[in-house]
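The following report describes one chain for a reader at the bench, beginning with a local backbone feature and moving on to the interior and to model confidence.

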Amino acid sequence: MLAATGGSAVGRLPGERLRTKWLTWGASGEEIARVVPGDDLLVDADIVSTRAITICASADAIWPWLVQLGPGRGGAYTYDWIENLLGLDMHSADTILPQFQNLAVGDSFPLGKSGPRMRVAILDGEHSIVFASEDGRWVWAFGLYPLGAATRLVSRNRIALTGASAFARAFTTFVMVPGSLVMERKMLRGIKQRAERLADRTRRENAS
């Protein structure tokens, strides 16, 4: 979940081109510009990131991994040891967990003892899932878009820094933004690996 701290930094600060790369890893210009479900939940975001990856599988092999995201659930498919240093209780699953597949709008879970509580705001089966923090400062959306025989998984974070000090904003820009890229890139690759493995296994079972 640390991945969600990524976003667009203040354009007037130096290094804008580098930060843009951090904030838009893997995403095309069209994906960056696209309006996605959840954008209207936090219109005046200070931080916006759009990151994406191509997965050689259909949406039905990707969706179960998204539905079970979360601490004490399926984890975040990233560097668990870093997440757990922050007390997030992340344990990334390598299998689909049936007990976490019945997600519904309104369901929620906490991000550690001191983090915000995340609520399912939008759920459109095998298309999009949007989590929103109950403090109104963070919206995290995932979208699945067909690309021939593959699927594009697009992750967008919108974060408000309401009331943040100048130091906190600078820390977010120069520390949390690049750190979020490391974590979210690992997450997207982790989902890709799991979904493609599931799709391969399903194909073999159907062929036998």
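## Backbone, core and confidence

In this predicted model, aspartate 89 has a relative accessibility of 43% and therefore counts as partly exposed, since that class lies between the buried limit of under 20% and the exposed limit of over 50%. Aspartate 89 is located in the loop that runs between α4 (80-85) and β2 (108-110), and its phi is near 55°, a positive value in a residue that is not glycine. Glutamate 126 also has a positive phi, near 60°, without being a glycine; this residue sits in the loop between β3 (117-124) and β4 (128-133), and with a relative accessible area of 36% glutamate 126 is partly exposed.

| Residue | Phi | Relative accessible area | Loop between |
|---|---|---|---|
| Aspartate 89 | near 55° | 43% | α4 (80-85) and β2 (108-110) |
| Glutamate 126 | near 60° | 36% | β3 (117-124) and β4 (128-133) |

Turning to the interior, the largest nonpolar core holds 36 residues, and the members that touch the most other members are Ile55, Leu66, Phe131, Phe142, Leu153 and Ile191. Two or more residues of this core are supplied by each of β1 (47-55), α3 (59-67), β3, β4, β5 (138-147), β6 (150-159) and α5 (166-207), with α3 giving the largest share, seven residues. In soluble globular proteins, nonpolar side chains tend to be buried together.

Which residues of α3 are buried? They are Ala59, Ala61, Ile62, Trp63, Pro64, Trp65, Leu66 and Val67. Because eight of its nine residues are buried, α3 is largely enclosed by the rest of the structure.

Phenylalanine 131, when residues up to four places away in sequence are left out, touches Leu66, Leu69, Leu103, Phe109, Met118, Arg119, Val120, Trp138, Val139, Trp140 and Phe142. There is also a second, separate core of eight residues, among them Val36, Val130, Ala132 and Val139.

As for confidence, the chain has an average pLDDT of 89, and 92% of the residues score at least 70. Among the elements of the chain, β4 has the highest mean pLDDT, 98, whereas helix α1 (residues 16-23) has the lowest, 84. Over residues 2-13 the pLDDT stays under 50, and for this stretch the model has 46 contacts beyond four places in sequence.

Conventions: Residues are numbered from 1 along each chain as its sequence is written. This is a predicted model: local features need pLDDT of at least 70, side-chain atom pairs count only at pLDDT 80 or more; totals for chains, interfaces and linings use all residues. Side-chain values use heavy atoms; hydrogens and water are left out. Helices (H or I, at least four residues) and strands (E, at least two) are DSSP runs, numbered from the N terminus. Buried means under 20% relative accessible area, exposed over 50%, partly exposed in between (1.4 Å probe, protein chains only). A nonpolar core is a set of buried Ala, Val, Leu, Ile, Met, Phe, Trp, Tyr and Cys residues joined through side-chain atoms within 4.5 Å. Contact means heavy atoms within 4.5 Å. pLDDT is the predictor's confidence in each residue, from 0 to 100.
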